[in-house]
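Colleague: Could you take me through the charged pairs in this structure, one at a time?

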Amino acid sequence: MLVSQILKDKSIQEVLRVAPGSSVGEAAEMLSAKKVGGVIVSDGESGLPAGIVTERDIVRELGKRGAICLEDKVDDIMTCELVTCEPNDRAIRVLQVMTEKRFRHMPVMEDGKLVGLVSIGDVVKARLDELSSQADALKNMIMGY
Ligand code: AMP
């Protein structure tokens, strides 16, 4: 299965972004409202992500500094050095990279533009669906359907 297939099947098709300069509180509100674990920091004009902020970053700052961090800019807590993938990458490879590097989000870039964000949940769900279809196909073959 390819990353492009996972993007097609996602319930939220838009790439969730917060603009650079937004507060950590605004990012937290978006994570909560959209029920996701991470957002891309990007002005949306160039399509180039400046970074990513995930719930892990926000919880880390909350633990260290308390609720005052919600007034900070996302720029201060985001991860700037992004590991990205492309629509034609295999989902299983993306899962391996996420597991090795211990994060759960991967921006998808095509021709230098951000076209999506996949989470480890998206990839695992897609893989389980694929395995279940394969199991059904094998069962049908054995039963002679
Ligand atoms: P996560 O497990 O995705 O909540 O992220 C754990 C940490 O890795 C956080 O500090 C994120 O900002 C960072 N992170 C998440 N995704 C990526 C990525 N694709 N490339 C680089 N860092 C990331």
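Modeller: This is a predicted model, in which local features need pLDDT of at least 70 and side-chain atom pairs count only at pLDDT 80 or more, while totals for chains, interfaces and linings use all residues. Residues are numbered from 1 along each chain as its sequence is written, and side-chain values use heavy atoms, with hydrogens and water left out.

Colleague: What distance separates the closest N and O atoms of Lys-64 and Glu-61?

Modeller: Lys-64 and Glu-61 both belong to helix H3, 3 residues apart, which is about one turn of the helix (helices, H or I, of at least four residues and strands, E, of at least two are DSSP runs, numbered from the N terminus). Their side chains form a salt bridge, meaning a side-chain nitrogen of Lys or Arg within 4 Å of a carboxyl oxygen of Asp or Glu. From N to O, the value is 3.7 Å.

Colleague: Is Glu-61 buried or exposed?

Modeller: Buried means under 20% relative accessible area, exposed over 50%, and partly exposed in between, with a 1.4 Å probe and protein chains only. Its partner Lys-64, at 60%, is exposed. Glu-61 has a relative accessible area of 8%, so Glu-61 is buried.

Colleague: Why does the salt bridge between Glu-55 and Arg-104 tie together separate parts, and how many residues apart are they in sequence?

Modeller: The closest N and O atoms of Glu-55 and Arg-104 are 3.8 Å apart. Glu-55 lies in helix H3 (residues 55-65), whereas Arg-104 lies in the loop between helix H5 (91-101) and strand S4 (105-110), so the parts that the pair ties together are apart in sequence by 49 residues.
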